[in-house]
Amino acid sequence: MHTGLKVGIFAAALAATFGSAYGVGKAVGPVVPDAPAARHADHAAHDGRAPAAAAPGGLQIAEGGYSLDLKTPAVTAGTPAELRFAVVDDRTGRRVTAYRPEHGKELHFIVASRDLTVFRHLHPRRAADGTWSTPVDLPAAGGYRVFADFAPAGAKDELTLGADLAAAGTYRPAQAPRPAATAEVDGYRVTLDGALRPGEPGALTLRVIKGGKPVADLQPYLGAYGHLVALRSGDLAYLHVHPDGEPGDGRTPAGPEISFAATAPSAGTYRLFLDFRHQGTVHTAAFTVRVTGADTGSADAGSGGGEHQGAEGGHRH
């Protein structure tokens, strides 16, 4: 293939990708960028402190003296590929090679489509030179966002940096499922109760059922019985929260309920992804949530876990 033709095809793919991202942004309505937010609000909630106002995670490629260097900015939809990236210390220009493990991993890596119908929670491997790599196979063409959630050794706070990823191919617009309080995934039924509130903590309880019976033997996964990631429609602002309690603390049962404390950065539409482990397998249940104003203190929850409901989620290593 001639070089000019290759460049033309790639440029067309990028144009389709960014056009799709713009279309999603317009569809979900305006995002409120100046509303108070708290990333990792669960840590503050556990010790009774009010969450500090902070910018939502994942919106910046550089923050706190560190930047995300995504070395694989484009892949082809439906074709296995390897994503490579590094976290760079902007003060020295060197790749970070020392991290403070959080929930059993040095770094958590999320890939989500701009329309929030595809979700991957990956755990890449780090080479000695600080370069991370992970296999990925994205099913649909369009725009994606990657998130690196980590804490450099010696740093006070965790960081979440984000970068854009393009998947070339024939783009077919999709919409996230409408609100509902139940998600079906891999034969499990997960129900969501509670409310996300803008700028203040809200309690969320997720209940796992299989075959009509509550699942009371959830297995620990990365030091918890469940992990929850929330992404705001439009700009994909990132919120990663963890459940109240932990396995082996003498007070947290192994299901069927998993409780979280979370704070939404603003009113708007969010997509929630719950990872839980049962019988040796990690499953991902997805919900759509509409967060209303602080005066109402309510949210409409929605489901969408599983391909049959128009969403495609997963957890990979």
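Buried means under 20% relative accessible area. Tyr 99 is therefore buried, at 7%. The views below all come from a predicted model.

**Figure 1. Overview of the predicted chain.** The protein chain carries 2 helices and 22 strands. Of its 317 residues, 49% are buried. Among contacts with a separation of 6 or more, 65% join residues 24 or more positions apart. Mean pLDDT is 80. A pLDDT of 70 or more is reached by 75% of the residues.

**Figure 2. Two segments with pLDDT under 50.** One segment is residues 1–54, where pLDDT stays under 50. The model gives this segment 68 contacts beyond four places in sequence. The other segment shown is residues 302–310, also with pLDDT under 50 throughout. Here the model has 40 contacts beyond four places in sequence. Where pLDDT is low, predicted coordinates should not be read in detail.

**Figure 3. The largest nonpolar core and a second, separate one.** The largest nonpolar core holds 29 residues. The members that touch the most other members are Val 190, Leu 196, Leu 204, Phe 260, Leu 272, Phe 276 and Phe 287. Eight strands are listed here with their ranges: E12 (182–185), E13 (188–194), E14 (201–210), E16 (227–232), E17 (238–241), E18 (257–263), E19 (268–278) and E20 (281–291). Each of them supplies at least two residues of this core. A second core is separate and has 26 residues. Its members include Val 118, Leu 122, Val 146 and Ala 167.

**Figure 4. The hairpin of strands E12 and E13.** The two strands pair in the antiparallel sense over 4 bridges. Glu 184 has Arg 189 in E13 as its bridge partner. The hairpin leaves 2 residues between the strands. Asp 186, in the turn, has a positive phi of about 55 degrees. In a regular strand the side chains alternate between the two faces of the sheet. E12 has one covered face, formed by Ala 183 and Val 185. Thr 182 and Glu 184 make up its uncovered face.

**Figure 5. The hairpin of strands E16 and E17.** E16 and E17 run antiparallel and are joined by 4 bridges. Ala 230 stands opposite Leu 239 in E17. This hairpin has 5 residues between its strands. Gly 234 takes a positive phi near 105 degrees. Both faces of E17 are covered. Tyr 238 and His 240 are buried on one side. Leu 239 and Val 241 are buried on the other.

**Figure 6. Phe 85 and Trp 132, a stacked aromatic pair.** The structure holds 7 aromatic pairs. In this one, the ring centres of Phe 85 and Trp 132 are 6.2 Å apart. Their planes meet at 5 degrees, so the pair is stacked. The pair links distant parts of the chain, 47 residues apart. Phe 85 belongs to strand E4 (residues 81–89), and Trp 132 to strand E9 (residues 131–136). Phe 85 is buried, with a relative accessible area of 0%. Trp 132 is also buried, at 3%. Arg 126 lies over the face of Trp 132, 5.9 Å from the ring centre.

**Figure 7. Tyr 99 and Phe 150, an edge-to-face pair.** The ring centres of Tyr 99 and Phe 150 are 6.0 Å apart. The planes stand at 85 degrees, so the pair is edge-to-face. Here too the pair links distant parts of the chain, with the two positions 51 residues apart in numbering. Tyr 99 sits in the loop between strand E5 (94–95) and strand E6 (107–113). Phe 150 is in strand E10 (residues 142–150). Phe 150 is buried, with a relative accessible area of 1%. Ring pairs link Phe 85, Tyr 99, Phe 109, Trp 132 and Phe 150 into a cluster.

**Figure 8. Arg 94, an exposed residue in strand E5.** Arg 94 is found in strand E5. Its relative accessible area is 64%. Exposed means over 50%, so Arg 94 counts as exposed. Not counting residues up to four places away in sequence, Arg 94 touches Val 87, Val 88 and Asp 89. Tyr 66 is 28 residues from Arg 94 in sequence. In space the two are 9.9 Å apart, C-alpha to C-alpha.

Definitions and conventions: Residues numbered from 1 in each chain as written. Heavy atoms only, no water. Core = buried A, V, L, I, M, F, W, Y, C linked by side-chain atoms within 4.5 Å. Buried < 20%, exposed > 50% of the residue type's maximum accessible area, 1.4 Å probe, protein only. pLDDT = per-residue confidence, 0-100. Contact = heavy atoms within 4.5 Å. Pairing = 2+ DSSP bridges. Phe/Tyr/Trp six-rings, centres within 6.5 Å; stacked < 30°, edge-to-face > 60°. Lys NZ or Arg CZ within 6 Å of the ring centre and 35° of its normal.
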